[in-house]
Amino acid sequence: MLPSKFLRSKATRCLPVVLAALLFAGCGTQSTDQSTSHMEGSAQADSAYYLHQMQQSTDDSKTNWQLLAIRALLKEGKTQHANELFGQLPQDLNDTQRKEYALLAAEMKLAQRDVAGAQALLNKIDPAELEKNQQARYWQIAIAAAQGKPSLTLLRALIARQPLLTTPEEQQKNIDATWQALSSMSQDQARTLVINADEVTLQGWLDLQRMWFDNRNDAKMLKAGISDWQTRYPQNPAAKMLPTQLSNLQNFKPASTSKIALLLPLNGQAAVFGRAIQQGFEAAKNGASPVSGPAVPQQVAQAATSDVVSPSQANVADLTAPNAQPVQAPDSAAQSATAEEAQPGENAQQPAANNEQPAGNSQQTSAATAPQTTTSQPVAVTAQSNAGAELKIYDTSAQPMDQILNQVQQDGASIVVGPLLKNHVEELMRSHTALNVLALNQPEQVENRPNICYFALSPEDEARDAARHIHDQGRQAPLLLIPRSALGDRVSTAFADEWQKIGGGVVLAQKFGSTAELRMGLNGRSGISMTGSPVSASLPQQQGVTIGGLTIPAPPSDAQISGGGKVDAVYILATQDEIALIKPMITLRTGSQSGVMLYASSRSAQGGAGPDFRLEMEGLQYNEIPMLAGANPSLMQQALRSVNNDYSLARLYAMGADAWSLANNFSQMRQVPGFELNGNTGDLTATQDCVINRKLSWLKYQQGQIVPAN
């Protein structure tokens, strides 16, 4: 056994060696550059962490942390701080840092809404030279720069990004985005796509798109087509993980329409509107002719110049597409008539005598035998007769909604159409009914429920359609002329929202007052200037300054206030009397050769306008439901006879006819992606929440006539 003195002596000699080893080990740990793992994407933190590390580091390590801080700041929406830090980067970057710098520069442009600048910078980068995590970011920037507009560029970016995603959730989301881009294309757009021979995955996607185009209104054919496509393209990512919309077709079940409950107000102020919808619904049920094609100029001109007896001089409200000089419809934003609403005209209180139905809680109507109708359009579905269907009508002005729904269930209805008034729709939503429902209005907050669709005629609907039409015509700087009212505010917001979605910039709005005020302005020869205030919904999100916990929003820039360019289009929401003053006031200020294109909603379109009015409106375009644009002349004449030539009620009549068609295609509309119906109120499609969108017809005044605006 060794003496303890020897052991202590040996331990003493070893201690400096151990301490030196620990010291060197500590120095090595301390000097490890943790920024590398973060740059490679294997670690993530917030901007505060990266900024702290940057302040504590030097040389390349500091630059790495600075690049990481910029990336995090952009992700957190702190664009201004990121831009300042970006400008402080050193010039002598290594190869890895230069790649990160190039990506950040493109991301910075995108954050600043400079899409063209972002795309130009992306074109200078070769994605094959990037690291895997950087490639995913590159393609994400390319996808964001495409702004959702369907194109080959967007499709290629989505396809390139797919194998770089690691989680099933990310992969499914990317596949759904790819399908969204494909299904958003028109058939004409799809036919123009030309791809390379080696783009096998893209070819598979395009074949899936073509199959869908051919079968999208036949659920059984579509299911069979999907199965066949999966067999032909087993390696395509979508064959292994179908887009969610197509996957849902596996559970498709057609809904029964043997017993239909129609819920409408048959008494009180809204009865005239309920009656018009009822008449249109029954006309379609009994085999009224479907939409036959685009507007015919002679038919349009004849309809517009015929003598029309308007039952009231009151302004129409916005339950329906807004029009001039009909009876006042209940406001879609209110639950009851407001102070602005007029009483229905005397003639409008009663429907045509040969269509009169007695008022009451419910009514039974028998269906007349009519032949099955077919469509002249190869894709979209049109109205069909269903002589065997049992229709029962319930008066929503007679009983509370919960009692009516209980009665509907007891009567064994298979589908509900209605109610019409917004407050009744909201009551129906609160009931959580299990019945299939095609509501004829929509609540303030739409809920995606598998058994409910929403079909409404609204000025917001027309404004969104106008935004798309004006954008398609190449206009870039629109001005809205809207009434000084809640209606004007809602329309401007709807237009600006849609304008942003389709890649537009700032939208300006100018409000006008009463007809008397407009007349004074015209008499005073002041005219209407092409200026306005920016609609908030169209402004870029401004980063505010936070001081002491209080965030102060940044003021809009000069470009935002002016709209960023000279106004080249004006969308007018006005009655016929108002637009008769507004149009010459614009000409008074701008001249007849200003190059500004004028557009209007159907609010200004009411039959019976004389030749002087049509000549004064020269060049003005306006949107109109297809039925009144000449696409369905027989139903148009039938509708006008039934409602005493009141164009606002004729639009409701057309809504009733379309409600019949939608009810009979409820399952396809709710479950089949891309379902489309050639309706009398527009080309009808459904969103994911089953809100029915309408694409309207566009007409224009030309040399005293009304012709298609194509």
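These are my notebook entries on a predicted model of one protein chain.

**Entry 1. Overall inventory**

I began with the secondary structure and found 28 helices and 19 strands in the protein chain. I then looked up burial: of the 710 residues in the chain, 51% are buried. For the accessible surface I noted about 32500 Å², with 50% of that area belonging to carbon and sulfur atoms. I also checked how far apart in sequence the contacting residues lie. Of the contacts between residues at least 6 apart in sequence, 70% join residues at least 24 apart.

**Entry 2. Confidence**

Before going into detail I looked up the pLDDT. The chain averages 79, and 75% of the residues score at least 70. Among the elements, I found the highest mean, 97, in strand β12 (residues 569-572) and the lowest, 39, in strand β10 (residues 545-547). I noted that residues 295-299 have a pLDDT below 50, and that this stretch has 13 contacts in the model beyond near neighbours in sequence. Residues 301-383 also stay under 50, and for them the model has 235 contacts beyond four places in sequence. I added a caution for my own reading: where pLDDT is low, the predicted coordinates should not be read in detail.

**Entry 3. The nonpolar cores**

I next turned to the largest nonpolar core, which has 53 residues. Val417, Leu440, Phe455, Met627 and Met669 are the residues with the most contacts inside this core. I listed the elements that each supply at least two of its residues: strands β1 (259-264), β3 (390-395) and β4 (415-417), together with helices α16 (271-285), α26 (633-642), α27 (647-664) and α28 (666-671). Which element gives the largest share of this core? I found that helix α27 does, with twelve residues.

I followed Met627 further. Neighbours within four places in sequence aside, Met627 is in contact with Asn632, Leu635, Met636, Ala639, Ala650, Ala654 and Asn680. Apart from this core I recorded another, of 43 residues, including Leu122, Met211, Trp229 and Ala238.

**Entry 4. Asp465**

I looked up Asp465, which sits in helix α20 (residues 459-472). Is Asp465 buried or exposed? Its relative accessibility is 3%, so I entered Asp465 as buried. Leaving out residues up to four places away in sequence, I found that Asp465 touches Asn623, Arg694, Lys695, Leu696 and Trp698. One of these, Leu696, offers its backbone nitrogen, which the side chain of Asp465 reaches at 3.2 Å. I also compared Asp465 with Ser697: the two are 232 residues apart in sequence, while their C-alpha atoms are 9.6 Å apart in space.

**Entry 5. Aromatic pairs around Phe495**

My count of aromatic pairs came to 14. I took up the pair of Phe495 and Trp499, which is stacked, at 5.8 Å centre to centre and 15° between the planes. Both residues lie in helix α21 (residues 486-501), four residues apart, about one turn of the helix. Phe495 and Trp499 are both buried.

Phe495 has a further partner in Tyr571. I noted ring centres 5.7 Å apart and planes at 20°; planes under 30 degrees apart count as stacked, so this pair is stacked. The pair links distant parts of the chain, with Phe495 in helix α21 and Tyr571 in strand β12, 76 residues apart. Tyr571 is buried, as is Phe495. Elsewhere I found Tyr49, Tyr50 and Trp65 linked into a cluster by ring pairs.

**Entry 6. Loops and backbone geometry**

I closed with individual loop residues. Lys124 lies in the loop between helices α7 (115-122) and α8 (132-145). With 69% relative accessibility, Lys124 counts as exposed. I noted a C-alpha to C-alpha distance of 8.7 Å between Lys124 and Ala102, which are 22 residues apart in sequence.

Where does Pro419 lie? I located Pro419 in the loop between strand β4 and helix α19 (422-431). The peptide bond from Gly418 to Pro419 is cis, with omega near 0°.

I then recorded two positive phi values in residues other than glycine. Arg113 has a phi of about 65° and is found in the loop between helices α6 (95-111) and α7. At 44% relative accessibility I entered Arg113 as partly exposed. Asn644 has a phi near 55° and is found in the loop between helices α26 and α27. Its relative accessible area is 36%, so Asn644 is also partly exposed.

Definitions and conventions
Residues numbered from 1 in each chain as written. Predicted model: local features only at pLDDT ≥ 70, side-chain atom pairs only at ≥ 80, totals over all residues. Heavy atoms only, no water. Core = buried A, V, L, I, M, F, W, Y, C linked by side-chain atoms within 4.5 Å. Buried < 20%, exposed > 50% of the residue type's maximum accessible area, 1.4 Å probe, protein only. Contact = heavy atoms within 4.5 Å. Polar contact = N/O pair within 3.5 Å; in protein donor to acceptor, adjacent residues only side chain to side chain. pLDDT = per-residue confidence, 0-100. Phe/Tyr/Trp six-rings, centres within 6.5 Å; stacked < 30°, edge-to-face > 60°. Areas by Shrake-Rupley, 256 points an atom, 1.4 Å probe, with all protein chains shown as cover.
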